[in-house]
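Me: I'm new to this structure and would like to walk through it with a few questions. Could you show it to me, please?

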Amino acid sequence: MNKGILIVVSAPSGCGKGTILAEILKDERFYYSVSATTRAARPGEIDGINYHFLKKDQFEELIREDGVLEYAEYCGNYYGTPKEKVFEKINEGRNVILEIEVQGAMQIKEKYPEAVFVFVAPPSVSELKNRLEKRGTETAEVIARRVSEAAQEISYADRYDYVVVNAELDEAIADFKAVVRAEELKSENSRKIIDEVLKNA
Ligand code: 5GP
């Protein structure tokens, strides 16, 4: 069986990354890695589904136990990828999606350069601010902080393999699917197909 692909997706919050990924994840071949965080749950978020919500000391314990693939501090909270499951799912042939910010993505790039790095960008920073205000889940102060963080993050986009601009949702979804398909069709990821082609040669 072919192994799955490790796909690292970064985007400033409010870019519509969640909506794009929800569409991608309708396909069973994809597995979403649930991160751990110390930030408080937003209304509607469920522990174990959106995040594993941990207390600061629990998160620090996880780091000490070598239980995270990467972690970062972002806007005053810890976020990290639990090790458990990621490689198990990849070995089962699933494409594992890590939805993480740039510092964490750069750590993954160091450790697992074979991963595929996709940056989702908003059409503009002012549009991003509009979207965050419309979502209404954060205070004006937090929005201002996130917008300035976003501008910083966007400057890292050229370290990623692909950039998907989310101006039109349908187009962004199609672009994301095209990226994954192209990666799946790379010869090194297509052992099974090649074996099939050569079967009666
Ligand atoms: P939010 O608080 O809006 O859910 O997430 C804030 C930022 O943290 C987003 O850019 C999100 O991609 C990132 N993030 C979520 N999980 C992880 C993780 O496990 N590791 C890292 N490094 N960043 C994460």
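Me: Where does Cys75 lie?
Reply: Happy to start there, and keep in mind that this is a predicted model. Cys75 is not a glycine, although its phi is positive, at about 50 degrees. In the chain, Cys75 is found in the loop between β5 and β6.

Me: Is Cys75 buried or exposed?
Reply: The cut-off helps here: buried means under 20% relative accessible area. Cys75 has 18% relative accessibility, so Cys75 counts as buried.

Me: Which loop holds Asp66, and what is its relative accessible area?
Reply: Asp66 is another residue to look at, with a positive phi near 60 degrees in a residue other than glycine. Its place is in the loop between α2 (56-64) and β5. Asp66 is partly exposed, and its relative accessible area is 49%.

Me: Which strands each supply at least two residues of the shell around the ligand?
Reply: Let's turn to the ligand, which has 18 residues around it. Ser35, Arg39, Tyr51, Tyr79 and Glu101 come nearest. The strands that each supply at least two residues of this shell are β5 (68-74) and β6 (77-82).

Me: How many residues of the shell around the ligand are nonpolar, polar and charged?
Reply: The shell is made up of 18 residues. Sorted by kind, they come to six nonpolar, five polar and seven charged.

Me: What percentage of the ligand's accessible area does the protein cover?
Reply: Let's begin with the polar side chains. An N or O atom in the side chain of Arg39 is 2.6 Å from an oxygen atom of the ligand, and a polar side-chain atom of Tyr79 also lies 2.6 Å from a ligand oxygen. For Glu70, a polar side-chain atom is 2.7 Å from a nitrogen atom of the ligand. Of the 510 Å² of accessible area that the ligand has on its own, the protein covers 96%.

Me: Which pocket does the ligand take up?
Reply: We have just seen that the protein covers 96% of the ligand's own accessible area. The space that the ligand takes is the largest pocket.

Me: How far is a polar atom of the side chain of Thr37 from the backbone nitrogen of Arg39?
Reply: Thr37 is in strand β3 (residues 36-37), and Thr37 counts as buried, at 0% relative accessibility. Arg39 is one of the residues that come nearest to the ligand. The backbone nitrogen of Arg39 and a polar side-chain atom of Thr37 lie apart by 3.1 Å.

How values were computed. Residues numbered from 1 in each chain as written. Predicted model: local features only at pLDDT ≥ 70, side-chain atom pairs only at ≥ 80, totals over all residues. Heavy atoms only, no water. Near = heavy atom within 4 Å. Polar contact = N/O pair within 3.5 Å; in protein donor to acceptor, adjacent residues only side chain to side chain. Areas by Shrake-Rupley, 256 points an atom, 1.4 Å probe, with all protein chains shown as cover. 1 Å grid on protein atoms, 1.4 Å probe; cavity = no way out; pocket = protein on both sides within 12 Å on 5 of 7 lines; lining within 4 Å. Sits in = over half its atoms within 2 Å of the grid points. Helix = DSSP H or I, 4+ residues; strand = E, 2+ residues; numbered from the N terminus. Nonpolar A, V, L, I, M, F, W, Y, C, P; charged D, E, K, R; others polar. Buried < 20%, exposed > 50% of the residue type's maximum accessible area, 1.4 Å probe, protein only.
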